[in-house]
Amino acid sequence: MWKKPAATVIVVDDDASVRRALRSQLQIIGFNVLDFESAEEFLASEVPTDDACLLLDVYMPAMTGIELCRKLTESGRRLPTILISGRDDPQTRKMMHAANPIASLLKPFDEKTLLRAIRKALPNQMKLPH
């Protein structure tokens, strides 16, 4: 019996512990996970664009998640994006809103909130847990 390959969640966050935790959590659920410690590392990689979404930290050194969103849009690369941030202030909320992500999550977020955002980003993934 043919099984549809799992969707890919691409995590870009400069915090190694956040990347490890998200990788572990998402793999247990059944996703393929690619993770990168910087926007530059992500841009230099060949990443899938079908059945994939981007889980992107807003504040990273060198290039921010917001700048990466802009670069992707300018280059025509389309990836449904979920922005994440540990900061909850008016400036951060305004920047996140302006980037027009599928969803914005504030750290720490729970698995249910994360899955709700991923379901929104990957509507063709019918077998996502609820």
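Me: Which side chain meets that of Asp35 in a salt bridge?

Reply: This is a predicted model, in which local features need pLDDT of at least 70 and side-chain atom pairs count only at pLDDT 80 or more, while totals for chains, interfaces and linings use all residues. Residues are numbered from 1 along each chain as its sequence is written, and side-chain values use heavy atoms, with hydrogens and water left out. A salt bridge is a side-chain nitrogen of Lys or Arg within 4 Å of a carboxyl oxygen of Asp or Glu. At 2.5 Å, N to O, the partner of Asp35 is Arg23.

Me: How many residues apart in sequence are the parts that Asp35 and Arg23 tie together?

Reply: Helices (H or I, at least four residues) and strands (E, at least two) are DSSP runs, numbered from the N terminus. Asp35 lies in strand 2 (residues 32-36) and Arg23 in helix 1, so the distance in sequence between the parts that this pair ties together is 12 residues.

Me: Is Asp13 buried or exposed?

Reply: Buried means under 20% relative accessible area, exposed over 50%, and partly exposed in between, with a 1.4 Å probe and protein chains only. The side chain of Asp13 meets that of Lys107 in a salt bridge (2.9 Å, N to O). This pair links distant parts of the chain, 94 residues apart: the loop between strand 1 and helix 1 holds Asp13, and the loop between strand 5 and helix 5 holds Lys107. Because its relative accessible area is 0%, Asp13 is buried.

Me: Which residues are joined into one network by salt bridges that share partners?

Reply: Lys107, which is partly exposed at a relative accessible area of 25%, also meets Asp57 in a salt bridge (3.4 Å, N to O). Asp57 lies in strand 3 and Lys107 in the loop between strand 5 and helix 5, so this pair ties together parts 50 residues apart in sequence. Asp57 counts as buried, at 5% relative accessibility. Through shared partners, the salt bridges form one network of Asp13, Asp57 and Lys107.

Me: What is the omega of the peptide bond from Lys107 to Pro108?

Reply: Most peptide bonds are trans. Pro108 has its place in the loop between strand 5 and helix 5. The bond from Lys107 to Pro108 is cis, with omega near -5°.

Me: What value does phi of Asn100 lie near?

Reply: Most residues other than glycine have a negative phi. Asn100 is found in the loop between helix 4 (90-98) and strand 5, and counts as exposed at 65% relative accessibility. Its phi is positive in a residue other than glycine, near 55°.

Me: Which element supplies the largest share of the largest nonpolar core?

Reply: A nonpolar core is a set of buried Ala, Val, Leu, Ile, Met, Phe, Trp, Tyr and Cys residues joined through side-chain atoms within 4.5 Å. Of the 20 residues in the largest one, Val9, Leu22, Leu26, Phe31, Leu55, Ile82 and Ile118 touch the most other members. Strand 1, helix 1, strand 3 (52-57), strand 4 (81-85), strand 5 (103-106) and helix 5 (111-121) each supply at least two residues. The largest share, 5 residues, comes from helix 5.

Me: How many residues along the chain separate Val58 from Cys69?

Reply: Val58 is found in the loop between strand 3 and helix 3 (65-75), and counts as buried at 1% relative accessibility. The C-alpha atoms of Val58 and Cys69 are separated by 9.7 Å, and along the chain the two residues are apart by 11 residues.
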